[in-house]
Amino acid sequence: MASHGRAGDREQPLLAVAAVARRLGVAPATLRTWDRRYGLGPSEHTAGAHRRYTGADVERLMVMRRLTLAGVAPADAARVALDTDPAAAEELVGVSRTPAAVVEAALAADGPRLDSLLRIADDQDVIAWWTDLVAPARDQLARRTVLDRPGQEADLVVQMGVCAAVRDRMASVVVQPAGVVLLLAPPGEARPLVLHVVAAAVGGVDARMVSGPMSARHMVELVMMTRARAVVTVADRCAADMSLVEALVAERPDLSQFVLVPTEDFGRVPTGPLVQRARSVAGLVHELRAALAAQDEGA
């Protein structure tokens, strides 16, 4: 059974260098270098003279890691990590939120850190948040070979963080009771994460995510039941099934539809008087906002 550190760390087990290296996503050799050069080493000893990291040691190392990822020189980052309370260290040096920092937090399964990085400020543009921070981070993760532990999946951690950020943002938004906007993926596809971002970016609208099996008949019934103002369909893959879009064009040509598909699929999107194709998330949100504003003016 692992021994424990001093009073402030009594509830936390002491960790070996390999365990700390996995938590931070660095090589054990990096930790030994930080110990030798900057004094950021383990502060406890166990039987057999083995040195072990306490919780406070790990917090300092996490500050060191985050600062170096943000571009701070290692010597300066080490000085801040050693001399400053970890909770205030990032604010002190003005660490920016970067895709690399999001990736690092996701790989370490550092939920609190990730929530902080992904938080959407009340005055922040949601689309810029997505295109500048979240989407690049997920792209970086997709290009990496990751050895996740059982029960841990880096991109899923990011997805959960994004959903939490959207919920927090929407909690302060006043929703107008003027019908809903339905957001969905084509049949057979998983719901894209970006649909949550579209809902948050529009703001003030009762946006609802459609999930589960959906036939053309059920889609038409759902639109009628919810008095939908618009339907948004986002496809991640080429050659997506556009049958639901087509069914709504046939049954409800007066309903605004917004479809985001890969450029190669533009020609496959059913045409209709109120069907608009988008090439980007920003373009989709711009057109959706304009259509909803026009509806409000005409009401």
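**Cavities and salt bridges in the predicted model**

The largest cavity has a volume of about 120 Å³. Among the residues that line this cavity, 13 in number, M62, R65, R66, E104 and D110 are the closest to its centre. The structure is a predicted model. A search of the whole structure finds 2 cavities of 30 Å³ or more.

Four helices each supply at least two residues of the lining of the largest cavity. They are helix 1 (17-24), helix 3 (55-69), helix 6 (99-107) and helix 7 (111-118). Helix 3 gives the most, with 4 residues. By class, the lining of the largest cavity holds 7 nonpolar and 6 charged residues. No polar residue takes part in this lining.

The second largest cavity has a volume of about 30 Å³. Its lining is made up of V181, L183, V198, A199, V202, V205, A207 and L288. Strand 3 (180-184) and helix 10 (194-202) each supply at least two of the lining residues. Helix 10 gives the most to this second lining, with 3 residues. The lining of the second largest cavity has 8 nonpolar residues. Polar and charged residues are absent from it. The charged residues of the lining of the largest cavity, by contrast, number 6.

Helix 10 also holds V197. With a relative accessibility of 0%, V197 counts as buried, because the cut-off for burial is under 20% relative accessible area. Neighbours within four places in sequence aside, V197 is in contact with V126, I127, W129, W130 and V162. The C-alpha atom of V197 is separated by 9.6 Å from that of A165. These two residues, V197 and A165, are 32 residues apart along the chain.

Side chains of opposite charge can pair when their charged atoms come close. In the whole structure, the search finds 9 salt bridges. One of the pairs joins R65 and E104. The closest N and O atoms of R65 and E104 are 3.1 Å apart. R65 lies in helix 3 and E104 in helix 6, so this salt bridge ties together parts that are 39 residues apart in sequence. R65 counts as buried, at 18% relative accessibility. E104 also counts as buried, at 9%. Both R65 and E104 are among the residues closest to the centre of the largest cavity.

A second pair is formed by R217 and E221. Here too the closest N and O atoms are 3.1 Å apart. R217 and E221 both lie in helix 11 (residues 216-226). Their separation is 4 residues, about one turn of the helix. R217 is exposed, with a relative accessible area of 53%. E221 is partly exposed, with a relative accessible area of 40%.

A third salt bridge links R229 with D296. The closest N and O atoms of R229 and D296 are 2.6 Å apart. R229 lies in the loop between helix 11 and strand 5 (230-234), and D296 in helix 13 (residues 281-298), so the pair ties together parts that are 67 residues apart in sequence. R229 is buried, with a relative accessible area of 11%. D296 counts as partly exposed, at 45% relative accessibility.

The protein chain as a whole contains 13 helices and 7 strands. Of its 299 residues, 43% count as buried. Contacts between residues at least 6 apart in sequence were also examined. Among these contacts, 64% join residues at least 24 apart. The accessible surface of the protein chain comes to about 15,500 Å². Carbon and sulfur atoms account for 51% of that surface.

Note on methods
Residues are numbered from 1 along each chain as its sequence is written. This is a predicted model: local features need pLDDT of at least 70, side-chain atom pairs count only at pLDDT 80 or more; totals for chains, interfaces and linings use all residues. Side-chain values use heavy atoms; hydrogens and water are left out. On a 1 Å grid over the protein atoms alone, a cavity is a set of points where a 1.4 Å probe fits but cannot get out, and a pocket is an open set with protein on both sides within 12 Å along at least five of seven lines; lining residues have an atom within 4 Å of a point. Grid points are joined across faces, edges and corners, and a volume is the space filled by probe spheres set on the points. Ala, Val, Leu, Ile, Met, Phe, Trp, Tyr, Cys and Pro count as nonpolar, Asp, Glu, Lys and Arg as charged, and the others, Gly among them, as polar. A salt bridge is a side-chain nitrogen of Lys or Arg within 4 Å of a carboxyl oxygen of Asp or Glu. Buried means under 20% relative accessible area, exposed over 50%, partly exposed in between (1.4 Å probe, protein chains only). Contact means heavy atoms within 4.5 Å. Accessible areas come from the Shrake-Rupley method with a 1.4 Å probe; for residues, only the protein chains shown count as cover.
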